[in-house]
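Q: I am new to this structure and would love a close look at just one part of it. Could you pick a spot and walk me through it?

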Amino acid sequence: MFTKSSKQIFQSLNKLTKVCLCQYSTREFRDPRFFTLYQHAKSRMLDDQRKSGVLSHKMEVNRVRLHFEMTGDGAHNVVLMPGALGCSRTDFSHQLSNFNKQDFTLIAIDPRGYGQSRPPDRDWPLEFLQRDAEDAMELVRKLGVHKVSILGWSDGGISAMIAAARYPDVVDKLVIWGANAYITGRDMAFYESIRDISNWSEKMRVPFLAMYGEKYFRTQWSNWVDAYQNYFSKRNGDICMAEVEKIKAKTLIVHGMKDPLVPLEHPDFLHHNIKGSTLNIMPEGKHNIHQKYHREFNFLVEHFLRQ
C-alpha cells in the first residue's frame with residue numbers, strides 16, 4: 001500500500017496528467033512537472049511496487065510524438081533503443097521486467113513510426129538512423145536527464161553509437177549488440193533474401209504482426225530494405241564509420257556467434273575502432289541474444305554498467 005505522502009503525490013500526478021503507474025498506459029502528458037513528481041512518488045513506493053511499475057507516455061520530440069516507457073528508480077539512467085521496426089514491447093520485455101530497478105531507471109524508446117510512436121507512419125530519409133539518434137537525445141534532454149547509458153540493439157545499436165559520438169558529455173556508457181557501422185554487398189544480398197516476410201518463421205513474425213498488422217509490417221519491412229540499399233548505393237555502404245572512431249563512452253560490444261544478420265566482421269570492426277571497448281562473444285547466441293539468453297545478458301550488462 002502507498003504511504004500517505006506517496007498517495008498525495010500520486011493524486012497530484014494524476015490531476016496533472018491523468019495517467020497512472022499501470023503497465024502500458026497510453027495517455028499523454030504535457031506538464032513539465034511530471035518527471036519530478038514521478039521521481040518523488042517512486043521514492044516512496046514499496047519494493048514490489050517499484051518492480052512491477054512500467055510507465056508509458058508520449059512526448060513531442062522534433063515535431064513528432066515519441067512513445068517511451070519507464071521503469072525503475074535507480075540513479076543510473078539507461079536508454080534502450082530497439083532494432084528495425086522494434087519498440088519497447090517487441091524488443092525489451094525481458095529488460096523492462098527483470099533488470100535491476102533499484103540501481104537503474106530504464107527509458108525504452110519507440111522510434112518515430114514504430115510501435116506506439118504513430119502517427120505519423122515511418123518514413124525513410126537517407127540518414128534515418130542518424131535521425132533516430134537525434135530524436136533519442138532530444139527526448140533525454142526534454143526529460144531533464146543530464147547523463148545516460150545507452151543499450152542499443154541492431155539498428156538501435158547503430159543509432160546509439162551515433163548518439164554517443166555526437167553527445168560525449170551526455171552518454172556515459174554504451175552497450176551494443178547486433179550492430180554494424182557499414183554494410184557490404186554480402187549484407188545487402190542477405191537483406192534482400194528476407195525482404196518477403198512470408199519467408200520468415202512464424203515465431204519471428206508474430207510480435208510484429210500483433211503490433212502493426214500485416215499490411216503495415218510488410219510494407220515497412222520492404223521499405224527498411226530499400227533504406228539500407230540507399231546507405232549502400234548512396235554512401236558507399238558507410239553508415240557511421242566516422243562516428244565510431246569518435247566514441248568516448250566506455251563501450252561493451254556483445255555478439256552472438258551464430259548471428260545470421262550481422263557477421264563477425266562487424267563487431268570485430270567496432271571493437272578495433274572504439275577505443276577501449278570490450279567485446280563479449282556468446283557462442284550459441286544469434287541476433288536476439290538479449291531475449292533468448294536474457295538472464296545472462298542482463299547480468300553481463302548490469303555488471304558492466306556498475307563498473
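A: Let's look at helix α10 and its surroundings. The model is predicted, so local features need pLDDT of at least 70 and side-chain atom pairs pLDDT 80 or more, while totals for chains, interfaces and linings use all residues. Numbering starts from 1 along each chain, and side-chain values use heavy atoms, without hydrogens or water.

Helix α10 spans residues 214-234 and packs with α8, residues 185-193 (helices are DSSP runs, H or I, of at least four residues). Their axes, lines fitted to C-alpha atoms over the stretch in contact, lie 10 Å apart at an angle of about 165°. The two are therefore roughly antiparallel (angles over 145 degrees, on a scale from 0 to 180 between N-to-C directions).

From α8, Gly185, Met188, Tyr191 and Glu192 meet Trp224, Val225, Tyr228, Gln229 and Phe232 of α10, with contact meaning heavy atoms within 4.5 Å. Six of these contact residues are nonpolar, two polar and one charged (Asp, Glu, Lys and Arg count as charged; Ala, Val, Leu, Ile, Met, Phe, Trp, Tyr, Cys and Pro as nonpolar; the others, including Gly, as polar).

Helix α10 also supplies at least two residues to the lining of the largest pocket, as do α4 (88-91), α5 (93-98), α9 (202-212) and α13 (289-292). A pocket is an open set of points on a 1 Å grid where a 1.4 Å probe fits, with protein on both sides within 12 Å along at least five of seven lines; lining residues have an atom within 4 Å of a point. Helix α9 gives the most to this lining, with four residues. The lining divides into twelve nonpolar, ten polar and four charged residues.

Notes
Angles under 35 degrees count as roughly parallel, over 145 as roughly antiparallel, 65 to 115 as roughly perpendicular and the rest as oblique.
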